[in-house]
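Me: Please take a close look at the aromatic rings of this predicted model. I would like their pairing, their burial and any charges placed over them set out in one connected account.

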Amino acid sequence: AESRDQVGNDMNQTESHVPESLDDLIKELHDIFSSDKVNVEEVQTLMESYKSDPAEWLQFAKFDKYRYTRNLVDEGNGKFNLMILCWGEGHGSSIHDHADSHCFLKLLQGQLKETQFNIPDVSQKNREMVKKWEKVFHENQCTYINDSIGLHRVENVSHTETAVSLHLYSPPFDSCHCFDERTGYKNKVKMTFWSRFGEKTPLGITESKENN
């Protein structure tokens, strides 16, 4: 009985751990992803529990005047990519999939609107895509999607405030499909990073069209 109680207490302590910093969060994520099986709820809870502190992530937050940027923070020992996306006023992604990967999105600053769509039926061409729902996420909230759930578009709908979000993708990927809302037509696109570990990349200026 004592051993069962001890296990229960250990589990409760693990579940209630709150990262003290972004570095602490990254360390916790490395521990979780060292396993071959990943508990989506555990990752989402952990990311949501991190209280955003701009002093810890400003070095990675690189904005562009014309579109949102993808800024690599950590490569997760090849198991995941952790990145910060910076959204100027009115910036948004296309409708896109996630290349059969897990996608976690946490708000660090501002707010973002997520709109989810059903994956188009390939037998019905030139049909407008079906919108499932839309929701606005605020600072420190975290959401999750994968391709079995559907597709999504993410937008900073504010015309006065920027937004910053933390994204985790597992396994990492460098291309995905973008979709035309009016026709359902999909196009494969390659993604690049605006910066890596706080340093601007040579490809930053010619960053690919769409994704987050």
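Reply: Of the 212 residues in this predicted chain, 47% are buried. The chain contains 4 helices and 13 strands. Among its contacts with a separation of 6 or more, 73% join residues 24 or more positions apart. About 11,400 Å² is exposed, and carbon and sulfur atoms supply 48% of that area.

Turning to the rings, a search of the whole structure yields 4 aromatic pairs. One of them is formed by F104 and Y144, whose ring centres are 4.9 Å apart and whose planes meet at 50 degrees, a tilted arrangement. F104 belongs to strand β4 (residues 102–109) and Y144 to strand β7 (residues 142–145), so this pair ties together parts that are 40 residues apart in sequence. F104 counts as buried because its relative accessibility is 1%, under the 20% cut-off. Y144, at 13% relative accessibility, is likewise assigned to the buried class.

Another aromatic pair joins Y169 and F173: the centre-to-centre distance is 5.2 Å, and the angle of 65 degrees between the planes makes the geometry edge-to-face. Here Y169 has a relative accessibility of 2% and therefore counts as buried. F173 is also buried, with a relative accessible area of 14%.

Charged side chains are placed over aromatic rings as well. R67 lies over the face of Y68, at 4.3 Å from the ring centre. Over the face of W194 lies K200, at a distance of 4.3 Å from the centre of that ring.

How values were computed:
Residues are numbered from 1 along each chain as its sequence is written. This is a predicted model: local features need pLDDT of at least 70, side-chain atom pairs count only at pLDDT 80 or more; totals for chains, interfaces and linings use all residues. Side-chain values use heavy atoms; hydrogens and water are left out. Helices (H or I, at least four residues) and strands (E, at least two) are DSSP runs, numbered from the N terminus. Buried means under 20% relative accessible area, exposed over 50%, partly exposed in between (1.4 Å probe, protein chains only). Contact means heavy atoms within 4.5 Å. Accessible areas come from the Shrake-Rupley method with a 1.4 Å probe; for residues, only the protein chains shown count as cover. Rings of Phe, Tyr and Trp (its six-membered ring) pair if their centres lie within 6.5 Å; planes under 30 degrees apart count as stacked, over 60 as edge-to-face and the rest as tilted. A charge sits over a ring if NZ of Lys or CZ of Arg is within 6 Å of the ring centre and within 35 degrees of the ring normal.
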